[in-house]
Amino acid sequence: MAGVHDLIYRTFFKRNSAFVATCFVGAFAFSISFDLATTGWWDYHNRGKQWKDIRSKYIQAGDADEE
Amino acid sequence: MAAVSRINLLPTSRTLASGVPFAPRINNSVPVGLSGNHGHGHGAAGARSDVPQAFAFRVGARGHVGKTNALPTSSSFQQRHFSSTPLRSVAHPMAGATGIPRASATGVPDFSPYKAKSAPLNRTVSYFMVGGLGVLGASGIKSTVSDILSNMAASADVLALAKIEVEMGAIPEGKNLIVKWRGKPVFIRHRTSDEIDEANQVDVKSLRDPEKDDDRVQRPEWLVMLGVCTHLGCVPIGEAGDYGGWFCPCHGSHYDISGRIRRGPAPLNLEVPEYSFNDDEEKIVIG
């Protein structure tokens, strides 16, 4: 247990270059995962109401004129 | 239970026979709140490990108040007293949490429950908090900047209007088609193989604006150009002029079958716009 936080410290925090790089990479990862999570929640909350859910009711396969 | 007492006394109320200043009733024990060896060498709470020699002090002796004032009597002199701290036996608020009933003789709170248990872990957690704030801040700045930039970009309907599609099958070989694109005419010519050969045989070095035919077309049989004369912006006439290409009636510029300037006042070849081929639908997409 004592080794884990020490390993984290030495890997990410000890050198400023590694610290800043970790922050920037983490910012990208965070924004992407946050977008995915919130979009997923939105789709779940509005399931059955969005066009992509009800499209199959109105447009059959090969029936391009309806569009 | 000792009563809370506060006494003020002169630093040196008396001097012992040994020459040591006599200061009675001074609490020399280490307070609980300051327990732990932090470089002072006084040991744990309670009686000091570095207790002075017995001749240096005497606990419980009655102080002697000298009747003779040896201090200066001028009005500007302020007498210095030092006070002992009141003796208290108050249980610490954290006593229940720590399991140890802690009482501070000096009233100094015991901060030891608040101290970090592990300095390296504390350091890692601190950096983690700083880094987490950095991650959130950088993410917010990135989102803000990208939102502002996408706000300034052209919207989808504008982009859709900025492109036109021309069916390739509508232009027979050897014919021109003029379409309007972004307010300007665009010439599309389906060239015959004779015209392609003719365009390739021209000595490029002899041209005013040297450009190979291969550089002006994506496919040799399809020539796509902006129909704006590079001289003063007239629209040239197709299949006219001395070189079998285009002729500008305004000032007499002659363009060849590759749209390159050959004679007349125009300085440059006809401009080639951005275009691509959509082979699935057999269309040329301009824009």
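Is Pro265(B) buried, partly exposed or exposed, and why? Pro265(B) counts as partly exposed because it has 14 C-beta neighbours inside 10 Å; the cut-offs are 20 or more other C-beta atoms within 10 Å for buried, 12 or fewer for exposed, and anything in between for partly exposed, with C-beta atoms placed from the backbone. This is a predicted model, in which local features need pLDDT of at least 70 and side-chain atom pairs count only at pLDDT 80 or more, while totals for chains, interfaces and linings use all residues. Residues are numbered from 1 along each chain as its sequence is written, and chains are lettered from A and ligands numbered from 1 in the order in which they are written.

Pro265(B) sits in the loop between β12 (261-263) and β13 (275-278) of chain B. Setting aside residues up to four places away in sequence, Pro265(B) touches His231(B), His251(B) and Ser253(B), a contact being two C-beta atoms, placed from the backbone, within 7 Å. As for His254(B), Pro265(B) is eleven residues from it in sequence and 9.0 Å from it in space, C-alpha to C-alpha.

Another loop residue, Ile171(B), lies between β5 (164-167) and β6 (176-181) of chain B. Ile171(B) counts as partly exposed because 16 C-beta neighbours fall inside 10 Å. Beyond its neighbours within four places in sequence, Ile171(B) is in contact with Leu177(B), Ile188(B) and His190(B). The last of these, His190(B), is 19 residues from Ile171(B) in sequence and 6.5 Å from it, C-alpha to C-alpha.

Stepping back to the whole of chain B, there are five helices and 14 strands, taken as DSSP runs (H or I, at least four residues, for helices; E, at least two, for strands) and numbered from the N terminus. Of the 287 residues in chain B, 17% are buried. Among its contacts between residues at least 6 apart in sequence, 48% join residues at least 24 apart.

The largest nonpolar core has 18 residues, a core being a set of buried Ala, Val, Leu, Ile, Met, Phe, Trp, Tyr and Cys residues joined through C-beta atoms within 7 Å. Those with the most contacts inside this core are Val186(B), Ile188(B), Val224(B), Met225(B), Ile284(B) and Ile286(B). Two or more residues apiece come from β7 (184-190), β8 (222-226), β10 (244-248) and β14 (283-286) of chain B. Val224(B), for its part, has contacts outside its neighbours within four places in sequence that include Val186(B), Ile188(B), Ile284(B) and Ile286(B), along with Val272(B), Pro273(B) and Tyr275(B).

Chain B also has a 34-residue helix, α2 (residues 119-152), that reaches 50 Å from first C-alpha to last, close to the 50 Å expected at 1.5 Å a residue (that is, 1.5 Å times one less than the number of residues). Its buried residues are Thr124(B), Val135(B) and Ser139(B).

Chain A is another story: three helices and zero strands, with 3% of its 67 residues buried. The UniProt annotation "transmembrane region", from an unreviewed entry, covers residues 18-42 of chain A; such annotations use the numbering given here, with feature names shortened, and may be inferred rather than shown by experiment. That span is 100% helix and 0% strand, with its end C-alpha atoms 35 Å apart.

Where the chains meet, 13 residues come from chain A and twelve from chain B. On the chain A side, α1 (2-13) and α2 (16-45) each supply at least two residues, and the largest share, eight residues, comes from α2(A).
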